[in-house]
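Trainee: I keep meeting labels in structure descriptions and I'd like to know what earns them. Can we go through some together?
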Amino acid sequence: MTAAEAPAARPAVAGGPGIGMPGQTGAVLTGGTYPGELRARGVSLSERLSALARLVQIGSARVGPVGFSAGLLADAEALLARAGERLRLSSHHTIAVLAGGTGSGKSSLFNQLAGAQFSSVGVLRPVTREPHACVWGMDGAGPLLDWLGIEPRRRYARSSALEEGERDLTGLLLVDLPDHDSVLARESAEVRRLVAQADLMVWVLDPQKYADAAVHSRYLVPMAGHASVIAAALNQADLLTPEQAEDCVSDLRRLLDAEGLHDARVLVTSATSAAGVADLRRALMETVIARQAALRRISADVDAMAARFVPYADDMEVRARSGLVPWPAAAKPGAPAGPGSAGAASERPGGPAGSAGGAATAGNSAAGEVGGGAADAAGETASAADGASAADGAGPGEAGPGEAGMRALPAAATETLTAAFSAAAGMSGVGRALQSARELKAVDYVGWPVAWLADWVARRDPVRKIRLGALWEELRDVSAGATGAQQAEISNAVTTFADEAGHGLPGPWQISVRQAARSRTTEIPGALGTAIAEALPKENSVAPWWRAVAAWQGLLLGAAAVGLAWLVTIIILGGFGAAPNAPLLLRDAGLLPWVALMVVAILLLGWLTAKGCMALVMRDADREREQAQQRMRAGITNVARLFVVAPVERELAEFARFHDELTVARARG
């Protein structure tokens, strides 16, 4: 291409101004922001991108055959990266691509708009094998062209001062794509890549193939949500009569409407006669002047991507209204997600620490350029990350993401779980064993020593001590944790609780709730044993009043022994006259009935003391059993809360957060 052939359009140097571009062309095109932040239902694009980044973060911790699709998350990350790059680059340029099949005349149309023969044309085979780009205003377009992958030798700069009417095209970056129906896979992939990067797509169709299923099924139908940034140019109108052209336009309009592309503009052009080219140029001017195409394209991409996340929330609006799911109140769109709504995703293997972190960064950078809201978007994304960290670090009993979920979890389910853990740990049996051990131990202190002697003679005392030892051995075994069938009961109780907590949630979340509930199942038996051990009193502990009673019983026993000795002495000395000079108290036979009565009274008093004190012991042992069971139940409740309920609450809080972020990403108020 020589200067004579294209005086107003020269090959451009990447990153530099076009040759022949005058200095008075207007505003500098590097940097800058869009004229207004695009909002959908009151939600800004930056907020939607940040919400999408957090959806990826949440989903990355739950990838699997029954969880989030790895392909979906990869596509979302790619979108966030693409949006971030596009919004970081020149906001003063609009990327418009001319796409079409072989022989549609798109390259000819490209040359007509560029005012020079930049792109080779042909009708029998794919001729456009590499993309060509013509830029009206090269300042700041170099990095954008690099991002698009346009080779430097295929870049052209168009002077906006060539014609007075073209000044409004300043900022247009027009790309002629390879033929979408090329038999070469590399070229088809290149078309898909550039179509994904374009701000505005102009599909050039010819009268013979405007209804071709290849372009409609591969490109137009999947992009029905992008109608506002799609135009269809029915080219080669010079081959049709006015009536035929009108029929073709009506039929094309019907096809587009049937495919959901109601807002797509239809133009009639002819690259040969230049008919309709002015209308196309005018449409491009309007788009360039508005400088909203990039935002609308990204917004449509977010719409499509958010719609793919909807199955993971199922009929969330219906459930939210019916109160079937323990969701906290939804945050206002764009409000920072604080520590109370983050969850423990980052501590899961394969979680968002790596891949989702990149997505969040991409969404952050993307949001930062829109409307100059970099600081707000960065703060929002940082808040989400901090929230995740705070939730992961929340310890037992600390306020975390599950506080709202805890209040909404069915109280009956938590109580049933605690009751099942109590049964598995044998709490009732432990209480009875403790009561029996206390009663048996009290016999050594408050029992009547005469009864001890009788037990010893009858060989019942060793049996009592063996039974006492067996009871404490049983208590020690229970304190070591549940085993065997008891562990199976714990597992069944956890599964039942998880199923009830996840009832009504979408399938992937039911699985994740169950996994969260069972995440620490192996630790529960030991924790239950510890809770029971901490609730039990010290082994063979003695109440202070027992020792006082034991002293009293010893005193009575001593008195009875003295009385018996006195009685025997009177019988020997008084009855047989063995010591006539002994004191009268030791030989007066008349005292025998009274001494005998005193001994009997002492023995009776000792027996009554033992009976009364044992009644008190039994009452105290029963009260001690109840207190120990209360302590055990409190400890078991804490175990259930820490090892099962809290993880489930965090997972439910993550679902609530997912719901809120999806609402923002979809711009649904």
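Trainee: Why is Glu 166 called buried?

Mentor: This is a predicted model, so everything here is computed from it. Glu 166 has a relative accessibility of 3%, and buried means under 20%, so Glu 166 gets the label. You'll find Glu 166 in the loop between strand E6 (155-158) and strand E7 (172-176).

Trainee: How far apart are Glu 166 and Met 285, in the chain and in space?

Mentor: They are 119 residues apart along the chain, and their C-alpha atoms are separated by 8.3 Å.

Trainee: What makes Ser 436 partly exposed?

Mentor: Ser 436 comes out at 22% relative accessibility. Buried would need a value under 20% and exposed one over 50%, so with 22% Ser 436 counts as partly exposed. Ser 436 belongs to helix H15 (residues 427-446). Its C-alpha is 8.8 Å from that of Met 618, with their positions 182 residues apart in sequence.

Trainee: And Glu 246, is that one buried or exposed?

Mentor: Exposed: the relative accessible area of Glu 246 is 53%, and the cut-off is over 50%. Glu 246 sits in helix H7. Val 268 is 22 residues away along the chain, with 9.3 Å between the two C-alpha atoms.

Trainee: What about Glu 651, what is its label and why?

Mentor: Glu 651 counts as buried, because its relative accessibility is 3% and the limit is under 20%. Glu 651 is part of helix H23.

Trainee: How do you know that the side chains of Glu 651 and Arg 62 make a polar contact?

Mentor: Check the distance. The two side chains come to 2.6 Å, and a polar contact needs a pair of N or O atoms within 3.5 Å. Ser 512 passes too: its side chain and that of Glu 651 are joined by a polar contact of 2.9 Å.

Trainee: Which backbone atom does the side chain of His 132 reach?

Mentor: The backbone oxygen of Glu 130, at 3.0 Å. That distance is again within 3.5 Å. His 132 lies in strand E5 (residues 132-136), and with 7% relative accessibility His 132 counts as buried.

Trainee: What is unusual to see in the phi of Gln 236?

Mentor: Its phi is positive, about 60°, although Gln 236 is not a glycine. Gln 236 is in the loop between strand E9 (230-234) and helix H7 (242-258). Gln 236 has a relative accessible area of 16%, and that is under 20%, so Gln 236 is buried.

Trainee: Where is Ala 274, and is Ala 274 buried or partly exposed?

Mentor: Ala 274 is in the loop between strand E10 (265-268) and helix H8 (277-290). Its relative accessible area is 34%, which falls between the 20% and 50% cut-offs, so Ala 274 is partly exposed. Ala 274 has a positive phi as well, about 70°, without being a glycine.

Trainee: Back to H23. At what angle do H1 and H23 pack?

Mentor: Helix H1 (residues 45-60) and H23 pack at about 145°, with axes 8 Å apart. The crossing is left-handed. Among the residues making this contact are Glu 47, Leu 52 and Ile 58 of H1 and Arg 657, Phe 658 and Leu 662 of H23. By class, the contact has eight nonpolar, one polar and six charged residues.

Trainee: How does H14 pass H23?

Mentor: In a right-handed crossing. Helix H14 (residues 411-425) and helix H23 (residues 592-665) pack at about 115°, with their axes 9 Å apart. Residues that meet there include Leu 417 and Phe 421 in H14, and Ile 636 and Val 644 in H23. The tally by class is seven nonpolar, four polar and one charged.

Trainee: How many helices and strands does the protein have?

Mentor: The protein has 23 helices and ten strands. Of its 669 residues, 50% are buried.

Trainee: What supplies 58% of the exposed area?

Mentor: Carbon and sulfur atoms do, out of about 29300 Å² that the protein exposes.

Note on methods: Residues are numbered from 1 along each chain as its sequence is written. This is a predicted model: local features need pLDDT of at least 70, side-chain atom pairs count only at pLDDT 80 or more; totals for chains, interfaces and linings use all residues. Side-chain values use heavy atoms; hydrogens and water are left out. Axes are lines fitted to C-alpha atoms, for helices over the stretch in contact, and angles run from 0 to 180 degrees between N-to-C directions. Helices (H or I, at least four residues) and strands (E, at least two) are DSSP runs, numbered from the N terminus. A crossing is left-handed if the near helix is turned anticlockwise from the far one by less than a right angle, and right-handed if clockwise. Contact means heavy atoms within 4.5 Å. Ala, Val, Leu, Ile, Met, Phe, Trp, Tyr, Cys and Pro count as nonpolar, Asp, Glu, Lys and Arg as charged, and the others, Gly among them, as polar. Buried means under 20% relative accessible area, exposed over 50%, partly exposed in between (1.4 Å probe, protein chains only). Accessible areas come from the Shrake-Rupley method with a 1.4 Å probe; for residues, only the protein chains shown count as cover. A polar contact is a pair of N or O atoms within 3.5 Å; within protein, one must be able to donate a hydrogen and the other to accept it, and residues adjacent in sequence count only if both atoms are side-chain atoms.
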